[in-house]
Amino acid sequence: MPVRRGHVAPQNTFLGLIIRKFEGQNRKFVIANARVENCAIIYCNDGFCEMTGFSRPDIMQKPCTCDFLHGDLTDKEAINLVAQAVLGSEERKVEITYYRKDGE
């Protein structure tokens, strides 16, 4: 039986290839499903969990806009730009302040 490695989606060769490619580069990332409401996160790697302080179960199925990382100093305009880019399938460069689970 194949190991699921934290996926909340059927096994997919393409997703597996992306995961293996980026895991080897010491990157922190999430993968989301654009076909469901809120573009839910279907995979997050260990580096992303360590960086944010959230466990994988805490992150899975949350919106890929990472609303759960917003805090007092997170700029509302930056939040809107990220949401527009994700929902409009556009590439944008946005500087945004996110917070760890402990508020740091």
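I take helices and strands as DSSP runs, numbered from the N terminus. With that convention, I place Asn-45 in the loop between S2 and H2. I note that the model is a predicted one.

**Entry 1: Asn-45**

I looked up how far Asn-45 is covered. Its relative accessible area is 1%, so I record Asn-45 as buried. I then searched for a polar partner of its side chain. A polar atom there lies 3.0 Å from the backbone nitrogen of Phe-48. Setting aside neighbours within four places in sequence, I found Asn-45 in contact with Glu-23, Arg-27, Lys-28, Phe-29 and Arg-56.

**Entry 2: aromatic pairs**

How many aromatic pairs does the structure hold? I count two. One of them joins Phe-29 and Tyr-43, with 5.9 Å from centre to centre and 40° between the planes, and I enter this pair as tilted. Phe-29 belongs to the loop between helix H1 (13-23) and strand S1 (30-32), while Tyr-43 belongs to strand S2 (residues 41-44); the pair therefore ties together parts that are 14 residues apart in sequence. I checked both for burial. Phe-29 has 11% relative accessibility and counts as buried; Tyr-43, at 1%, counts as buried too.

I turned next to Phe-54 and Phe-68. Their ring centres are 5.2 Å apart and their planes stand at 85°, so I enter this pair as edge-to-face. The pair links distant parts of the chain, 14 residues apart: Phe-54 sits in the loop between helix H2 (46-52) and helix H3 (56-59), and Phe-68 in the loop between H3 and helix H4 (76-87). I recorded both Phe-54 and Phe-68 as buried.

Conventions
Residues numbered from 1 in each chain as written. Predicted model: local features only at pLDDT ≥ 70, side-chain atom pairs only at ≥ 80, totals over all residues. Heavy atoms only, no water. Phe/Tyr/Trp six-rings, centres within 6.5 Å; stacked < 30°, edge-to-face > 60°. Helix = DSSP H or I, 4+ residues; strand = E, 2+ residues; numbered from the N terminus. Buried < 20%, exposed > 50% of the residue type's maximum accessible area, 1.4 Å probe, protein only. Polar contact = N/O pair within 3.5 Å; in protein donor to acceptor, adjacent residues only side chain to side chain. Contact = heavy atoms within 4.5 Å.
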